[in-house]
Amino acid sequence: MDNYRIRILPIPGPWGGVAYGLRDGNHINPVNPASYTAIDSLTFLFDAGMTLQNTNFSEGATRMNAKNSSFDYVAMQFRVQRWMGMSIGLLPYSNVGYNMTRTVEGNDDTPVNTQEFYGDGGFHQLYLGMGFRVMRNLSVGVNASYFWGGIDRSMFVGYINSNNYNYTDTLHLSARDYKLDFGLQYTQPLGKKHVMTIGAVYSPKKNLNSNSYLGIATGSGTSQQVKKNVDYGLAHSFGLGLTYVYDKRLTVGADYTLQKWGEVKFDGEENELCDRSKIAIGAEYRPSLLSKNYLSHVRYRAGAYYSDPYYKIDGRRATREYGVSAGFGLPFPRTRSMFSVSAQYIRVDGRGVNMINEII
């Protein structure tokens, strides 16, 4: 059993992940660097976020729960010229986290044994992004990121009747490299109160500068560690999105993402991963621009998404994933500052018998 999960993490938000066509001078959107030109000369944006997470795992009759918290990201954005905006930030890229135990009933070939699976780690990116307005309604942008991190995973197999056959299999992977992400946004007014924006992003495929070590320890006291010179990489990623804004109070958007992980080597092997696709929809509503009532200026947000993740178990696509989210943007009086809070419900369903289900 090679059963683990790596989650790709966009910057958090309660719109179900909608970002490609999102263009708001009061919101940092590093997913599409073309959005940086939306900021005006009087605004400096600073954004930071943390996550409180409660996760329930199930595999057959086995149930487990995990609670954790993390400081997720910090980012800032400002205007450089009338036609150029800039953003700098530290973002999560992926994380790994699991700790599970199961008992395997014995047969004529294999005695009764207990299997423990553990994984921890993740990758981060420090980015510098520039957005350029090349025409009145057309902007392009690029993020250059330094990408680093590591993953540790292990499997322990313990035989009840004989310690001599016990063994632990461990893998450590680390990587340090750079990555580029490109974005485009075209905005078209449709009257005095209606605006449509189409956005597109592209991230090129890239082999990572990585190191990995494989360790094996047995119950008889022998152990060894081997350095593995194998390939790991990042996939071609394509995204297309559309947003509609009414009267600067209502924003509705939809995104489609395709990541070609099936073309990427993992642990030096081909065809270890599947292509990942995702569809997301989201909306934000602000009741009034002129009212003196505080609640009229609160931003109410909601979103949902469906995804076919890219990891495999036993050679086939392992899961399907979907989630819903909702949140609020609470403005501070007489300033442009805002406190945002959101909650997400995410469900990951295994596609086969004895595959892990997960609720976050």
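Strands here are DSSP runs of E with at least two residues, numbered from the N terminus. With that in hand, you can find Val341 in strand β20, which covers residues 338–350. Keep in mind as you look around that this is a predicted model.

Let's begin at the surface. Val341 has a relative accessibility of 39%, so it counts as partly exposed, a class that sits between the under 20% of buried residues and the over 50% of exposed ones. Val341 also belongs to a nonpolar surface patch of about 770 Å². Its companions in that patch are Tyr285, Tyr294, Leu295, Tyr300, Phe328, Phe332 and Phe339.

Now turn to strand β16, which runs through residues 299–308 and holds Ser307. Is Ser307 buried or exposed? Ser307 is buried, because its relative accessible area is 1%. Setting aside neighbours within four places in sequence, Ser307 is in contact with Arg276, Ser277, Lys278, Arg320 and Glu321. With Ser277 there is a polar link to look for: a polar atom of the Ser307 side chain lies 3.1 Å from the backbone oxygen of Ser277.

Strand β16 also brings us to the charged pairs. How many salt bridges does a search of the whole structure find? The search finds 7. One of them joins the side chains of Arg299 and Asp24, with 3.3 Å from N to O. This pair links distant parts of the chain, since Arg299 lies in strand β16 while Asp24 sits in the loop between β1 (6–8) and β2 (44–59), 275 residues apart. Both Arg299 and Asp24 are buried.

Another salt bridge pairs Lys206 with Asp177, their closest N and O atoms being 3.4 Å apart. Lys206 is in strand β9 (residues 206–207) and Asp177 is in strand β7 (residues 167–189), so this salt bridge ties together parts 29 residues apart in sequence. Lys206 counts as buried because its relative accessible area is 16%, and Asp177 is buried too, at 13%.

For one more pair, look at Lys179 and Asp181, whose side chains meet in a salt bridge at 2.9 Å, N to O. Lys179 and Asp181 are both buried. Finally, some salt bridges share partners, and in this way Asp24, Glu284, Arg299 and Arg301 are joined into one network.

Technical notes: Residues numbered from 1 in each chain as written. Predicted model: local features only at pLDDT ≥ 70, side-chain atom pairs only at ≥ 80, totals over all residues. Heavy atoms only, no water. Helix = DSSP H or I, 4+ residues; strand = E, 2+ residues; numbered from the N terminus. Buried < 20%, exposed > 50% of the residue type's maximum accessible area, 1.4 Å probe, protein only. Polar contact = N/O pair within 3.5 Å; in protein donor to acceptor, adjacent residues only side chain to side chain. Contact = heavy atoms within 4.5 Å. Patch = residues over 30% accessible without salt bridge, like charges linked within 9 Å, V, L, I, M, F, W, Y side chains within 5 Å. Areas by Shrake-Rupley, 256 points an atom, 1.4 Å probe, with all protein chains shown as cover. Salt bridge = Lys/Arg side-chain N within 4 Å of Asp/Glu carboxyl O.
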